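User: I would like to learn how to read the ligand site and the salt bridges of a structure. Please take one feature at a time.

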Amino acid sequence: MKAIVVSATGGPGVMRLLEGEDPGPRPGQISVRVAAAGVNFIDVYHRTGAYGLPLPFTPGLEGGGYVAALGEGVEGFAVGDEVAWKSVPGSYADLVVGDADEFVLVPEKVAVETAAAVMLQGLTAHYLCNTVYDVQEGDTVIVHAAAGGMGLLLTQMVKYKGGKVIATVSTDAKAELARQNGADHVMRYEGFGAKARELTGGAGVAAVYDGVGKTTFTEGLGALRRRGVMALFGQASGPVPPVDPQDLHRGGSLILTRPTLADFTATREEYLQRANDVFQMIEDDNLLVRVGETFRLEEAPEAHQLLESRKTTGKLLLIP
Ligand code: NDP
């Protein structure tokens, strides 16, 4: 098998394509021929060492592909089935092996590459707008980095629920894409907090969905309405400094949470429910999945370099 391997943390160049032995599935596991592996910002945090992993490791958590072999005792899957996953370490490879419970069957009407593109970001968008802050019809929320992988999916889901989206982006091209994607108000980051307050008649927004972190967090808190929710779900610009709980008091009994997908797919039932909801939205044409760019497996360094330099939109996929 072929896999990208990181032997020392660092820049994109630390990712090397290596050949290895196919480990085969152990009892309870399946092995899957990868059709497409999703590139996510968390892969960058792993590669740089911002989120530590034991070395050496193969990056990547997400993908879609075809069942190649079943370990002893596995039920519910057959060789050749189309499956997708959101949390199987080592997905930057042409073969992945993981516990059967980590995989979901892809419905016939959803392309396996599309499934690969929504498992991590799509399920995250789903829990953010349905569970972390359950958007109500007429609510206005802020979505940062609205032309990115997360931002495009989250905006569509908020709109589907009847919410209004104030979107932030860094370039004109991204602004155009965010608009086409349904955002109601699109703006640059400078002064977004004051503009959001103005757009809500002084009241503030119901929620801020913030995957940018360091450069947006404080201003976002200031844009919330009374009892508004700050969902800090990432740190593309760097980690947020410590917060004084009194700021939440002064802001109007604000709610601050730092959610992560694993806690919102903690049971197989919840995982399947979210995945099937997202697949259904795709089948019903209520969720358009935009793959910004595809790369060959050996081009993983280029994919990371572009993602980190804010030059990408939508989803990035690696095709082995
Ligand atoms: P994106 O495609 O959104 O790429 C990141 C975007 O962040 C960039 O395109 C850029 O958009 C914006 N950004 C702002 N400042 C910076 C900066 N200094 N450096 C780089 N990018 C910056 O990535 P993903 O969709 O993969 O992830 C978005 C966020 O969501 C990440 O923080 C990720 O960790 C988080 N996430 C969290 C999950 C969870 O469960 N907690 C699960 C999935 C993702 P622009 O140029 O418009 O500013």
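Analyst: Domain bounds come from an automatic or database domain assignment. The model shown is a predicted one.

User: Where does the ligand lie with respect to domain 1 and domain 2?

Analyst: The ligand lies between the two, because residues of its shell come both from domain 1 (2–119 + 266–319) and from domain 2 (136–258).

User: How many residues surround the ligand, and which are the closest?

Analyst: A residue joins the shell if one of its heavy atoms lies within 4 Å of the molecule. Here 29 residues surround the ligand, and the closest are Tyr127, Ser170, Lys174, Tyr189 and Gly211. By class, the shell holds 14 nonpolar, 11 polar and 4 charged residues.

User: Which helices each supply at least two residues of that shell?

Analyst: Helix H1 (41–48), helix H2 (112–132), helix H3 (149–160) and helix H9 (300–308) do. The largest share comes from H2, with 4 residues.

User: What should I look for in the polar contacts of the ligand?

Analyst: Look for pairs of N or O atoms within 3.5 Å. In the side chain of Lys174, an N or O atom is 2.7 Å from an oxygen atom of the ligand. Tyr127 places a polar side-chain atom 2.7 Å from a ligand oxygen. With Phe41 the contact is made by a backbone N or O atom, 3.1 Å from an oxygen atom of the ligand. As for area, the ligand taken alone exposes 910 Å², of which the protein buries 92%.

User: How many salt bridges are there?

Analyst: The criterion is a side-chain nitrogen of Lys or Arg within 4 Å of a carboxyl oxygen of Asp or Glu. By that rule the count is 12. One of them pairs Asp134 with Lys161, with the closest N and O atoms 2.4 Å apart. This pair links distant parts of the chain, 27 residues apart: Asp134 is in the loop between H2 and strand E8 (140–143), and Lys161 in the loop between H3 and strand E9 (164–168).

User: Is Arg274 buried or exposed?

Analyst: Buried means under 20% relative accessible area. Arg274 has 5%, so it counts as buried. Its salt-bridge partner is Glu270, with the closest N and O atoms 2.7 Å apart. Glu270, at 22%, counts as partly exposed. The two residues are separated by about one helical turn because they are 4 residues apart in helix H8 (residues 268–283).

User: Which residues do shared partners join into one network?

Analyst: Asp244, Asp247 and Arg250. Within this network, the side chains of Asp244 and Arg250 meet at 3.7 Å, N to O. Arg250 counts as exposed at 58% relative accessibility, while Asp244 counts as partly exposed at 36%.

Key. Residues numbered from 1 in each chain as written. Predicted model: local features only at pLDDT ≥ 70, side-chain atom pairs only at ≥ 80, totals over all residues. Heavy atoms only, no water. Polar contact = N/O pair within 3.5 Å; in protein donor to acceptor, adjacent residues only side chain to side chain. Areas by Shrake-Rupley, 256 points an atom, 1.4 Å probe, with all protein chains shown as cover. Nonpolar A, V, L, I, M, F, W, Y, C, P; charged D, E, K, R; others polar. Buried < 20%, exposed > 50% of the residue type's maximum accessible area, 1.4 Å probe, protein only.
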